[in-house]
Amino acid sequence: MSAYLVKNVSILGGEPTDLLLEDGVVADIGADLVADGAEVVDGAGLVALPGLVDLHTHLREPGREDAETVESGTQAAALGGFTAVHAMANTEPVADTAGVVEQVWRLGREAGYCDVYPVGAVTVGLAGEQLAELGAMADSAARVRVFSDDGRCVSDAVLMRRALEYVKAFDGVIAQHAQEPRLTEGAQMNEGELSGRLGLTGWPAVAEEAIIARDCLLAAHVGSRLHVCHVSTAGSVEIVRDAKRKGWNVTAEACPHHLLLTDDLAETYDPIYKVNPPLRSTADTQALRAGLADGTIDIVATDHAPHPHEDKDCEWAAAAFGMLGLETALSIVQETMVDPGLLDWAGVAERMSYAPARIGRVADHGQPIEVGAPANVVLYDPAARRTVEPAESASLSRNTPYAGMELPGRVVATFLRGKATVLDGKLQ
Amino acid sequence: MKRHLLSAADLTRDDAELVLRTAEEMRSLADRPIKKLPALRGRTVVNLFFEDSTRTRISFEAAAKRLSADVINFSAKGSSLSKGESLKDTALTLEAMGADAVVVRHGASGAPHRLAHSGWVRSSVVNAGDGTHEHPTQALLDAFTMWRHLAQDGGSLDGRRVAIVGDVLHSRVARSNALLLQTLGAEVTLVAPPTLLPVGIEAWGVEKSYDLDAVIPKADVVMMLRVQRERMNASFFPTAREYSRRYGLDGRRMRTLQDHTIVMHPGPMVRGMEITADVADSDRSVIVEQVTNGVAVRMAVLYLLLSGADGVTGTDESENDA
């Protein structure tokens, strides 16, 4: 196996040092390292971070290989600095059996660009009626620990309670898509003055907050772990903050697009900005940033949601919800959190690597860059600027809301167990 | 005027008054034996209707024909929402046929906006009603009707009080009227049960009220909106009877109006629900006149968008002239 000697790199923003990746592990760290036969990478000006872990990715395979495949999605992930992604269960067929999750897991291993951890559906067919065979998925080769009906809410309170209780047997977690279905029938965008004016059915903050509040209470009642997907409102941040203060075992994620973009983009009626939960107000983005800074929001997760062109090149109401996220996530976290001084690089490592790996119970990822640790490392140039060009994406889809936008930073290299998946910003 | 008419907000006061004055000229045509002008000869107007709306479609059709335009009616029931041909492909087809103006009615809010701004077509786009968003030519014909009754002799609608009553939440007519009437200087009050007023209406610059009896004695215009009975199944109000009692315009309420006050309705009416038959058929009612005025206003809009009379229309029209 090849070795890489990264010269003068700043680990988590610290003093420049050399970093030797060999035999799949971090072999040495220190000044003026020498390693015969190792490929030398100039790390000057680069920040080394632990390989990023995404708890919320849609890889679309099986079923929608026109939008994304495990291979193309993991390529996009590697280009974004990720070494592990959790693949959401809303595929066709739904990942609600051991067979489907093992298939996704195996496809990830074969692609080799990043490790794929399938998320299992909570209920059969995501229908919200009957528990899927959670234990079989946990015991399968895919070792599923995260369960979610993402895209739909487990709205039935009894079913949610049972799911929270049941997964305790194998240390699982329920990742809830918090959306009260009756309050969001036909919902198209954030409910507010603009939705009223544009005549687009509103998606009120209370529909998210009511479910989060209920689920926090349920998790506390049965003593289970709860993870809240894509928190989007200031009120949700408050509820999670309060739950944590009470010592309840609740974690939460925020998506890059909810940190940066706001609902006024709907005024274009361009469904490239249509996403679920919807883009919210500036005050909500500020509350999410503050929550991410103080740890109320544990992690950043992309909710990378590829869609074929025709599902976005249409009228708003007919368009699919969702946007790409893997290749731009780190840049947006830099823009919204690091550059304004809300988070340092150690904080980024915590929010985008250590914590998501902990929540997902992923042993081989999310470890500090120390001698002996698996060589899952990303080299990032925070001084670079780039203009997002959709055609350059490794994703099979082009539905990025950042097209033409100039963003800071660039992933220079990604190493998965010491093997370069990305080098010089290019897929290997 | 702008190149497209997508929202009543696209119109400045000068634009709107130009439309009203032009409509007045067009309307006088209706009294002549030959009701046709050659203004848009050789131009093609496409009526692209994704929703059934016979009255709006024939109004635009009559308007275009009286201006000597060629009219193509394209009824595309079953939009991309029901997995038919996409809006985009329909638009490309029309573009290939050489449409100069596309009059579009669509169930999805913003569909005309997409048509105009996605690079699918080069023609002018006129919004003939999109979802629960807007219906700007309806607002123009309503304003024209008010103007003829209340602002004769070159006057304006400044300070005139207009009450718009009913299902504002789902009404594109209410949205366009609220915008346009304010542009023209009128004072608008939206009257509805709280469940049928949109969130954030405070930012519209209009008054709102839950009390119809308190509003109408001061109004110069009372515009009743259609209320679908099905709304009661979604708990917007308890029963049709309760709605009628609280927000319907009946003979008793009509007697509290000022002498000059007119009663309007964009149609189709639900008699006995939001308006009783004796009110709809009374002398105050200008509901039938609204239909006549609709043709004149739509003639004015098509004329101003397509004839280049204001000098702001695009280059492809002048190419067509050559």
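**Exercise 1. Work out which residues and strands of domain 1 of chain A meet domain 2 of chain A in this predicted model.**

Solution. Start with the contact count, using C-beta atoms within 7 Å as the cut-off. On that basis, 28 residues of domain 1 of chain A touch 39 residues of domain 2 of chain A. Next, look at who supplies the domain 1 side: strand 16 (377-387), strand 17 (406-416) and strand 18 (419-423) of chain A each put in at least two residues. Strand 17 of chain A has the largest share, six residues. Now sort that side by class, and you get 17 nonpolar, 10 polar and one charged residues.

To place the two parts along the chain, go to the domain assignment: domain 1 covers 4-47 + 373-427, and domain 2 covers 51-360. Their centres, taken over C-alpha atoms, sit 26 Å apart.

**Exercise 2. Take the open sheet of chain A with strand order 6-7-8 and describe its pairing and what packs on it.**

Solution. First the pairing: this three-stranded sheet is parallel. Then find the edges, the strands that pair on one side only: strand 6 (52-57) and strand 8 (115-118) of chain A. Strand 7 (residues 82-87) of chain A joins strand 8 of chain A through four bridges; for A:A84, the bridge partner in strand 8 of chain A is A:D115.

Now add the helices. Helix 1 (residues 70-79) of chain A packs on the sheet and touches strand 6, strand 7 and strand 8 of chain A, running at about 135° to the direction of strand 7 of chain A. Helix 11 (residues 345-360) of chain A also packs there, touching strand 6, strand 7 and strand 8 of chain A, with an angle of about 55° to strand 6 of chain A.

**Exercise 3. Break down the side of chain B that touches chain A.**

Solution. Count the residues: chain B brings 22 to the contact and chain A brings 17. Then pick out the elements of chain B that give two or more: helix 3 (87-96), helix 4 (111-117) and helix 6 (172-183). Helix 4 of chain B gives the most, with three residues. By class, the chain B side splits into eight nonpolar, 10 polar and four charged residues.

**Exercise 4. Decide where in chain B to go easy on the details.**

Solution. Begin with the global scores: the complex gets an ipTM of 0.90 and a pTM of 0.93 from the predictor. Chain B has a mean pLDDT of 90, with 92% of its residues at 70 or more. Then check the weak stretch: over residues 310-322 of chain B, pLDDT stays under 50. Coordinates with low pLDDT shouldn't be read in detail.

Conventions. Residues numbered from 1 in each chain as written. Chains lettered and ligands numbered in written order. Predicted model: local features only at pLDDT ≥ 70, side-chain atom pairs only at ≥ 80, totals over all residues. pLDDT = per-residue confidence, 0-100. Contact = placed C-beta atoms within 7 Å. Domains from an automatic or database assignment. Nonpolar A, V, L, I, M, F, W, Y, C, P; charged D, E, K, R; others polar. Pairing = 2+ DSSP bridges. Axes fitted to C-alpha atoms, helices over the stretch in contact; angles between N-to-C directions.
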